[in-house]
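Good morning, colleagues. Please look at the structure on the screen while I go through its fold and its charged side-chain pairs.

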Amino acid sequence: MALLNAPFIPALRESGISLSVSPSGGLTAKGKPELLCRFQPFIRENKAALLAELVQADEPLSYWWRLHFPDGGTLEVFSPSGHTRTSILRGYPEAISAEPFTLGHTRPEARLAVEEAAAVVLWLASIGERSQEIIDDVLSQCEGSAEARGYYLRRAEGKPG
């Protein structure tokens with residue numbers, strides 16, 4: 001079965017299959033076991049297109065999210081791999097809503113100091129981030145954006161974003 005630029009999410013939902021984006025950015029399918037077995041080959045073959053359809057149709061994919069909590073507090077969260085509203089709220093179940101936003105970019109006045117870069121890399125390692133691509137991306141953001149640099153340095157100091 002090939003995906004032919006048609007919206008298949010509503011058709012799958014009508015068939016009893018619920019698709020969503022997992023917190024890790026993968027595709028999660030739920031439904032009766034017999035339906036899942038029947039549609040599994042289609043879902044596997046078209047995983048990337050179905051994920052794109054889910055994100056485009058239902059939820060924005062964003063790297064920065066502003067979370068709102070019942071006590072009126074907010075928290076701004078960065079995700080190097082990006083998240084949808086559903087996946088970011090799964091990671092913060094106490095939050096009552098989340099809105100994507102774009103971080104403003106003010107160029108830093110000075111280059112990132114070696115000690116600052118080391119602190120950010122150490123913090124990334126402490127949260128389990130080992131991907132050199134993501135580490136390089138974070139350091140690049142720190143070089144190009146004062147806001148991103150401040151965010152990561154606060155995290156490296158153990159302070160909330």
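I shall begin with the overall architecture and then turn to the salt bridges.

Please bear in mind that this is a predicted model. The protein contains seven helices and five strands. Read from the N terminus, their order is α-β-β-α-α-β-β-α-β-α-α-α. Of its 161 residues, 34% count as buried. The exposed surface amounts to about 9,700 Å², and carbon and sulfur atoms supply 55% of that area. As for contacts with a separation of 6 or more, 57% are made by residues 24 or more positions apart.

How many salt bridges does the structure hold? There are two.

One of them joins R66 to E76, with the closest N and O atoms 2.8 Å apart. This pair links distant parts of the chain: R66 belongs to strand β3, residues 62-68, and E76 to strand β4, residues 74-83, with their positions 10 residues apart in numbering. R66 has a relative accessible area of 24% and is therefore classed as partly exposed, since buried would require a value under 20%. E76, at 30%, is likewise partly exposed.

The other salt bridge is formed by the side chains of E143 and R111, at 3.7 Å from N to O. Here, too, distant parts of the chain are linked: E143 sits in helix α6, residues 132-144, whereas R111 lies in the loop between β5 (97-100) and α5 (114-126), and the two are 32 residues apart. Is R111 buried or exposed? R111 is exposed, because its relative accessible area is 68% and the cut-off is over 50%. Its partner E143 is partly exposed, at 23%.

Technical notes
Residues are numbered from 1 along each chain as its sequence is written. This is a predicted model: local features need pLDDT of at least 70, side-chain atom pairs count only at pLDDT 80 or more; totals for chains, interfaces and linings use all residues. Side-chain values use heavy atoms; hydrogens and water are left out. A salt bridge is a side-chain nitrogen of Lys or Arg within 4 Å of a carboxyl oxygen of Asp or Glu. Helices (H or I, at least four residues) and strands (E, at least two) are DSSP runs, numbered from the N terminus. Buried means under 20% relative accessible area, exposed over 50%, partly exposed in between (1.4 Å probe, protein chains only). Contact means heavy atoms within 4.5 Å. Accessible areas come from the Shrake-Rupley method with a 1.4 Å probe; for residues, only the protein chains shown count as cover.
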